[in-house]
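Here is a set of exercises on reading a protein model. Try each task yourself, then follow the solution step by step.

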Amino acid sequence: MVKRVVAQGTFDILHPGHVHYLRDAAAMGDELVVIVARGENVTHKQPPILPNSQRVAMIEALEPVDRALLGHPDDIFTPIEDLDPDVIALGHDQHHDSEAIQAELERRGIDCAVERASAREPDSEEELLSTGLIIDRIIERRGR
Ligand SMILES: Cc1cc2nc3c(=O)[nH]c(=O)nc-3n(C[C@H](O)[C@H](O)[C@H](O)COP(=O)(O)O)c2cc1C
Ligand SMILES: Nc1ncnc2c1ncn2[C@@H]1O[C@H](COP(=O)(O)OP(=O)(O)OP(=O)(O)O)[C@@H](O)[C@H]1O
């Protein structure tokens, strides 16, 4: 039986923190499927700069990823029902409550573990491991 892992996120402007998360998630099973959040659903921070299709294409091109798809517009559990994963890998800093996710999975009859991936820390003062920090630096260095 193939152990399927699902990872998810906005993945706007890519950086090594994203690669670390996806490698960590891939190591939790045999196959990694990534759900990319729709721009209109990213309301807890500034919405992404890049369009949905471009963010999906970039994630799909990464080595640890077997498949990437655009998330559902209204119900985050609809793709989970379709994919029927063995593990959902939450990012180290994601605001989602793993117990609430677990409870909803059980309510829908989906047998799936919820795990937390680890963080990657910058290996130098110059390294930027956050899309928000990259955008801040672009504004600082190129903004007029
Ligand atoms: C299990 C799970 C499934 C998700 N599915 C979707 C989805 O189908 N559509 C969507 O727009 N966002 C979905 N999201 C939300 C985003 O992927 C992401 O968690 C949220 O935007 C926070 O992203 P960030 O970590 O990039 O800030 C899902 C989140 C979780 C935890
Ligand atoms: N440095 C990092 N180490 C490990 N995982 C990371 C790192 N940066 C982002 N991730 C993970 O990648 C996924 C997508 O993250 P997201 O698209 O929000 O990027 P971000 O750089 O954190 O964005 P922002 O700076 O706008 O908050 C999330 O699960 C997040 O936890």
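Helices (H or I, at least four residues) and strands (E, at least two) are DSSP runs, numbered from the N terminus. This is a predicted model, in which local features need pLDDT of at least 70 and side-chain atom pairs count only at pLDDT 80 or more, while totals for chains, interfaces and linings use all residues. Residues are numbered from 1 along each chain as its sequence is written, and chains are lettered from A and ligands numbered from 1 in the order in which they are written.

**Exercise 1. Find the order of the strands in the open sheet, and name its edge strands.**

Step 1. Recall the rule for pairing: two strands pair if DSSP finds at least two bridges between them.

Step 2. Look at the pairs. Strands β2 and β3 run parallel and are joined by 4 bridges. β1 and β4 pair in the parallel sense over 3 bridges. β4 (residues 87-90) and β5 (residues 113-116) also run parallel, with 4 bridges between them.

Step 3. Put the strands in a row. The open sheet has 5 strands in the order β3-β2-β1-β4-β5, with parallel pairing. Its edge strands are β3 (67-70) and β5, each of which pairs on one side only. From one strand to the next, the twist averages 25 degrees (axes are lines fitted to C-alpha atoms, for helices over the stretch in contact, and angles run from 0 to 180 degrees between N-to-C directions).

**Exercise 2. Which residues are the bridge partners of Ile88 and Leu90 in β5?**

Step 1. Start with Ile88, whose bridge partner in β5 is Val114.

Step 2. Move along to Leu90, which has Arg116 as its bridge partner in β5. Ala89 stands opposite Glu115 in β5.

Step 3. Now turn to another strand pair: Val6 stands opposite Ile88 in β4.

**Exercise 3. Place helices α2 and α4 on the sheet.**

Step 1. Helix α2 (residues 52-60) packs on the sheet, where it touches β2 (31-36) and β3. Two residues are in contact if their C-beta atoms, placed from the backbone, lie within 7 Å. The direction of α2 makes about 170 degrees with that of β3.

Step 2. Helix α4 lies across β4 and β5 and runs at about 160 degrees to β5.

Step 3. Follow the chain through each helix. β2, α2 and β3 make a right-handed β-α-β unit, as do β4, helix α4 (residues 98-107) and β5. A crossover is right-handed if, with the strands pointing away from the viewer, the path from the first strand over the helix to the second runs clockwise.

**Exercise 4. Describe the residues around ligand 1 and ligand 2.**

Step 1. Ligand 1 is surrounded by 18 residues, and the closest are Thr10, Ala37, Asn41, Gly71 and Ile76. A residue is near a molecule or strand if its C-beta atom, placed from the backbone, lies within 6 Å of it. β1 (4-9) and α3 (77-83) each supply at least two residues of this shell.

Step 2. Of the 19 residues around ligand 2, those that come nearest are Gly9, Gly17, Gly91, Ser130 and Gly132. α1 (16-26) and α5 (131-142) each supply at least two residues here, and α1 gives the most, with 4 residues.

Step 3. Sort by class. Ala, Val, Leu, Ile, Met, Phe, Trp, Tyr, Cys and Pro count as nonpolar, Asp, Glu, Lys and Arg as charged, and the others, Gly among them, as polar. The shell around ligand 1 has 8 nonpolar, 9 polar and 1 charged residues. Around ligand 2 there are 4 nonpolar, 11 polar and 4 charged residues.
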